[in-house]
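User: I would like to learn how to read a ligand site and its surroundings. Could you take me through one example step by step?

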Amino acid sequence: MKIYGDVVSPFVRMCLVTAHEAGLKDRVVFVKTSVKPQEVNPDLRRLSPIAKVPVLETDHGHGVHDSRVIMEYLVHVSGETNLLPHDGVKRFRILTLQAMAQGAADAAVSLRYEQAARPEDRRWPELQERQKQRLLDTLDDLEGSWAETLRETTLGAICTACMLGYIDFRHAYLNWRTGRPGLSSFEKDFVARASMKAWPLT
Ligand SMILES: N[C@@H](CCC(=O)N[C@@H](CS)C(=O)NCC(=O)O)C(=O)O
């Protein structure tokens with residue numbers, strides 16, 4: 001199978017790290033693919049009408065997207081159910097953590113597009129402020145309520161670590177570690193994993 005994307009995208013990194021954690025690193029071919037929000041990439045468009053990264057191409061030539069579905073596909077193929085257990089309470093706690101981390105990553109990417117991709121005379125400061133606040137509110141919730149769930153290596157923890165890595169990369173000025181010792185310590189431990197080191201951001 002192939003994963004199309006660029007590791008700079010937090011969503012792509014989430015999928016590559018998941019493949020590694022699921023023991024599939026030798027079965028996944030990474031196809032570096034760049035995107036711009038204002039242009040369509042024909043290679044992606046062939047597999048997905050949404051044409052965002054990541055997209056996974058199965059060995060049968062089918063497109064699987066978006067990142068949440070790709071991660072679940074990788075768990076399904078590998079049988080590594082520790083990453084997303086079947087047990088109801090755990091499963092939905094992890095899926096909610098995943099959704100929070102991905103929602104924060106969405107806000108961080110949108111903020112980046114507003115700051116860097118949108119022509120300067122068309123920028124919207126209120127939207128930037130709202131995306132920043134959404135991101136900071138999510139980080140506060142992660143600090144206050146998710147320490148126990150973050151203790152295990154699951155799709156939720158992977159998404160959280162990749163989202164934090166993206167904030168360091170694009171929004172370091174936010175100094176997100178200040179006042180969030182629990183989340184900082186989670187991130188410090190998680191980035192030491194071989195799966196994260198295998199897909200560095202730079
Ligand atoms: N919901 C999607 C979001 C993916 C996404 O936002 N990807 C960005 C890169 S980080 C992208 O492809 N942007 C190009 C575009 O907006 O056309 C997912 O989880 O895969």
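User: Where does the ligand sit?

Analyst: A word on the source comes before the answer: this is a predicted model, in which local features need pLDDT of at least 70 and side-chain atom pairs count only at pLDDT 80 or more, while totals for chains, interfaces and linings use all residues. Residues are numbered from 1 along each chain as its sequence is written, and side-chain values use heavy atoms, with hydrogens and water left out. A molecule sits in a pocket if more than half of its atoms lie within 2 Å of the pocket's grid points, and a pocket is an open set of points on a 1 Å grid over the protein atoms alone, where a 1.4 Å probe fits, with protein on both sides within 12 Å along at least five of seven lines. Here the ligand sits in the largest pocket.

User: Which polar side-chain atoms lie close to ligand atoms, at what distances?

Analyst: A polar contact is a pair of N or O atoms within 3.5 Å. Asp66 places a polar side-chain atom 2.9 Å from a ligand nitrogen, Tyr113 does so at 2.9 Å from a ligand nitrogen, and Ser67 has one 2.6 Å from a ligand oxygen. The protein buries 86% of the 520 Å² that the ligand exposes when taken alone, by the Shrake-Rupley method with a 1.4 Å probe.

User: How many salt bridges does the whole structure have?

Analyst: Side chains of opposite charge can pair when their charged atoms come close. A salt bridge is a side-chain nitrogen of Lys or Arg within 4 Å of a carboxyl oxygen of Asp or Glu, and the search finds 10. Among them, Lys32 pairs with Asp6, with the closest N and O atoms 3.1 Å apart.

Note on methods. Polar contact = N/O pair within 3.5 Å; in protein donor to acceptor, adjacent residues only side chain to side chain. 1 Å grid on protein atoms, 1.4 Å probe; cavity = no way out; pocket = protein on both sides within 12 Å on 5 of 7 lines; lining within 4 Å.
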